[in-house]
Amino acid sequence: MGLTRLDCHLFRGEKAAHDVSSFVALNPLVHPSRVVFAGSSAARESLGSQVAYKLAIDYFVSGIQTYFADQSGAAKGEEKVVKALEEAFRAANSSVYSFGHKLSAGGRMAASLLGVVIEDGRLATGRVGFGSVYLFRKNQLYPFFETPEGEGDKVGDANEFPDDFATRRYAFVGSNSLVDVELASVELQGEDVVCAFSRPLTSLNETLLFEALESLRSEGFPLEKLPDVAERLCRDVFTDPDSLSYALVAAVGPDALYCTRVVA
């Protein structure tokens, strides 16, 4: 038995600036029960940061694909998903940092990067910069990352806060040759729901998220049967969802058998 079903729903606000943020969701090597998500935003109002977030996304995906292609079967469980994330962040940071130095813009090309990897019933998530990830399980909401008190009210998406505030409070991909990634992982259970957002949540946002997820749960499972899940959730949680750079809602199905071969 295993967790083989994942219903993924994505949202991007209509007013989100396309030149400062992007996201991607994929299944490397088309493996059942595997999902990779990454979202990136420019850290500053500069051309360098606009290039940085694009490079961060591209090389994060490249690092993930390389890891799963080269390491298939070599690692298991928590080790596998965490190492996949570490490799992806390493590739993203190295590319942005190196490109910046080639242009004599070392340290000024910087991007926020959030990643999620789900593989064989285990989730790992990593963050450099801002963003948030939550697990909803059995009517309980758990954050994967801490947001210092009051900062959820100050930090929005890319370019919504002063440059000196971002520099003081956060490290970013490309700022230094080595990047300090916040990592967390958990073994998933049937009917878990994972949510990722491009901005940190206030206490009020978290309360609204909990209530919205409870409401969705009452409408039935799996969430694939419900229309516009991610958009509905964001409109219930945020006062300005149309400016949200990205959001992910991933619902885990119940334990199931997955058959790959037909035997006559």
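What follows walks through the fold of this chain, from its overall makeup to its two sheets and the cores packed with them.

The model is a predicted one, and its confidence is a sensible place to start. Mean pLDDT comes out at 84, with 79% of the residues at 70 or more. The stretch 158-168 is where some caution is due: its pLDDT falls below 50, although it still makes 22 contacts in the model beyond near neighbours in sequence. Across the chain, five helices and 12 strands make up the secondary structure. Half the story is inside, so to speak: 50% of the 264 residues count as buried. Among contacts with a separation of 6 or more, 75% join residues 24 or more positions apart. The accessible surface amounts to about 12,400 Å², and carbon and sulfur atoms hold 49% of that.

One of the sheets is open and built from five strands, ordered β3-β4-β5-β6-β9 with antiparallel pairing. Its edges are taken by β3 (21-26) and β9 (182-187); each has a single partner strand, so one side of each has no neighbour in the sheet. On average, neighbouring strands here are turned by 10° against each other, direction ignored. Inside the sheet, β4 (residues 34-42) and β5 (residues 111-119) run antiparallel and share nine bridges, with Ala-38 facing Gly-115 of β5. Helix α1 (residues 47-70) packs on this sheet, where it touches β3, β4 and β5, and its direction makes about 160° with that of β4.

Val-36 gives a residue-level look at this region. It sits in β4 and has a relative accessible area of 1%, under the 20% cut-off, which means that Val-36 counts as buried. Beyond its neighbours within four places in sequence, Val-36 contacts Val-24, Ala-25, Leu-26, Pro-28, Phe-60, Ile-64, Phe-68, Val-116 and Val-117. Val-36 and Gly-115 are 79 residues apart in sequence, yet their C-alpha atoms are 7.5 Å apart in space.

Two of those contacts of Val-36, Phe-60 and Ile-64, turn up again in the largest nonpolar core: of its 30 residues, Phe-60 and Ile-64 touch the most other members. At least two residues of this core come from each of β4, α1, α2 (77-102), β5 and β6 (122-128), and α1 supplies the largest share, with 10 residues. Phe-60 shows how these elements meet. Leaving out neighbours within four places in sequence, Phe-60 contacts Val-36, Phe-37, Ala-38, Leu-85, Ala-88, Phe-89, Ala-92, Leu-113 and Gly-115. A second core, separate from this one, has 22 residues, including Phe-136, Val-193, Phe-197 and Leu-233. As a general matter, nonpolar side chains in soluble globular proteins tend to be buried together.

Another open sheet of five strands follows the order β2-β11-β10-β7-β8, again with antiparallel pairing. Here the edge strands are β2 and β8 (140-143), each with a single partner, so one side of each is left without a neighbour in the sheet. The twist from one strand to the next averages 15°.

Strand β10 (residues 193-197) has five of its five residues buried. Cover comes on both faces, with Val-193, Cys-195 and Phe-197 buried on one side and Val-194 and Ala-196 on the other. β10 pairs antiparallel with β7 (residues 132-137) over five bridges; in that pairing Leu-135 stands opposite Val-194 and Tyr-134 opposite Cys-195. β10 also pairs antiparallel with β11 (residues 247-252), over five bridges, and there Cys-195 has Val-249 as its bridge partner.

Two helices lie across this part of the fold. Helix α4 (residues 203-218) crosses β7, β8 and β10 at about 40° to β7, while α5 (residues 229-237) lies across β2, β10 and β11 at about 55° to β2.

At the edge strand β2 (residues 6-11) sits Phe-11, buried with a relative accessible area of 7%. Outside its neighbours within four places in sequence, Phe-11 is in contact with Phe-23, Ala-230, Glu-231, Cys-234, Arg-235, Pro-241, Leu-244, Tyr-246 and Ala-247. Phe-11 and Val-249 are 238 residues apart along the chain, while the C-alpha to C-alpha distance between them is 8.6 Å.

Technical notes
Residues are numbered from 1 along each chain as its sequence is written. This is a predicted model: local features need pLDDT of at least 70, side-chain atom pairs count only at pLDDT 80 or more; totals for chains, interfaces and linings use all residues. Side-chain values use heavy atoms; hydrogens and water are left out. Two strands pair if DSSP finds at least two bridges between them. Helices (H or I, at least four residues) and strands (E, at least two) are DSSP runs, numbered from the N terminus. Axes are lines fitted to C-alpha atoms, for helices over the stretch in contact, and angles run from 0 to 180 degrees between N-to-C directions. Contact means heavy atoms within 4.5 Å. Buried means under 20% relative accessible area, exposed over 50%, partly exposed in between (1.4 Å probe, protein chains only). A nonpolar core is a set of buried Ala, Val, Leu, Ile, Met, Phe, Trp, Tyr and Cys residues joined through side-chain atoms within 4.5 Å. pLDDT is the predictor's confidence in each residue, from 0 to 100. Accessible areas come from the Shrake-Rupley method with a 1.4 Å probe; for residues, only the protein chains shown count as cover.
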